[in-house]
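User: I have a structure to go through and could use some help reading it. Can we start with the inside and then move on to the sheet?
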Amino acid sequence: MSRFPAILRSLLSYALAIMAMAWPALADAGEIAVVMSEDTAIYREVAETIRNRLEDSNVVRIVDASAIGSLKLGEVRFLVAVGSHAAQVVVASDHEAPILVTLLPKSAIDHLVAEKRRATDSRPLSAVCLDQPIERQLNLVRLALPTAK
């Protein structure tokens with residue numbers, strides 16, 4: 001088993017813990033929209049895990065970022081962005097729901113927060129960072145460029 005699925009499971013646990021804290025306030029209040037950057041296996045796995053871990057999976061709607069317009073204003077009570085493109089789309093949307101951003105590095109999250117401040121967006125924004133240790137990044141460089149010094 002590779003290390004990435006273990007990291008993914010940890011990130012999902014953190015995201016679900018954040019959502020669990022907000023769950024009582026969200027119950028019977030409307031839909032939770034999980035917005036994916038694109039319909040790929042990793043994003044779909046994250047979205048399905050969120051749906052499956054919540055008690056009432058009927059309130060979880062999974063949509064592609066390009067379909068955010070299909071979410072009715074006022075019916076969505078919590079937005080979960082999975083990936084960078086989804087995060088940008090969700091932050092730029094007219095939805096007033098709190099936002100949870102997942103699967104982004106801290107630098108991308110910092111950039112998003114700065115954009116929100118410039119736009120005077122007062123919606124709550126939480127995030128689960130996907131930062132990799134420098135050792136893992138260097139190992140990737142060594143694998144990609146084995147002859148580089």
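**Core and sheet**

Analyst: This is a predicted model. Its largest nonpolar core has 20 residues, and those with the most contacts inside it are Val-35, Leu-71, Leu-79 and Val-90.

User: Which strands and helices each supply at least two residues of this core?

Analyst: Strand 1 (31-36), strand 3 (76-82) and strand 4 (99-104) do, along with helix 3 (84-92) and helix 4 (106-118). Helix 3 gives the largest share, five residues.

User: Is there a second core, or should I move on?

Analyst: A separate core of 16 residues is also there, and it includes Val-34, Val-46, Val-80 and Leu-100.

User: Back to Val-35. What is it in contact with, leaving aside neighbours within four places in sequence?

Analyst: Val-35 touches Val-63, Asp-64, Ala-65, Ile-68 and Leu-71, then Leu-79, Val-80, Ala-81 and Val-82, and also Ala-86 and Val-90.

User: New topic, the sheet. In what order do the strands come?

Analyst: The order is 2-1-3-4-5, in an open sheet of five strands with parallel pairing. Strand 2 (60-64) and strand 5 (125-129) are the edge strands, each pairing on one side only.

User: How many degrees does the twist average from one strand to the next?

Analyst: The average is 20 degrees.

User: And how many bridges are there between strand 1 and strand 3?

Analyst: Six bridges, in the parallel sense. For one residue pair, take Met-36, whose bridge partner in strand 3 is Val-82.

User: Which strands does helix 4 touch?

Analyst: Helix 4 packs on the sheet against strand 4 and strand 5. The direction of helix 4 makes about 165 degrees with that of strand 5.

Note on methods: Residues are numbered from 1 along each chain as its sequence is written. This is a predicted model: local features need pLDDT of at least 70, side-chain atom pairs count only at pLDDT 80 or more; totals for chains, interfaces and linings use all residues. Side-chain values use heavy atoms; hydrogens and water are left out. A nonpolar core is a set of buried Ala, Val, Leu, Ile, Met, Phe, Trp, Tyr and Cys residues joined through side-chain atoms within 4.5 Å. Buried means under 20% relative accessible area, exposed over 50%, partly exposed in between (1.4 Å probe, protein chains only). Helices (H or I, at least four residues) and strands (E, at least two) are DSSP runs, numbered from the N terminus. Contact means heavy atoms within 4.5 Å. Two strands pair if DSSP finds at least two bridges between them. Axes are lines fitted to C-alpha atoms, for helices over the stretch in contact, and angles run from 0 to 180 degrees between N-to-C directions.
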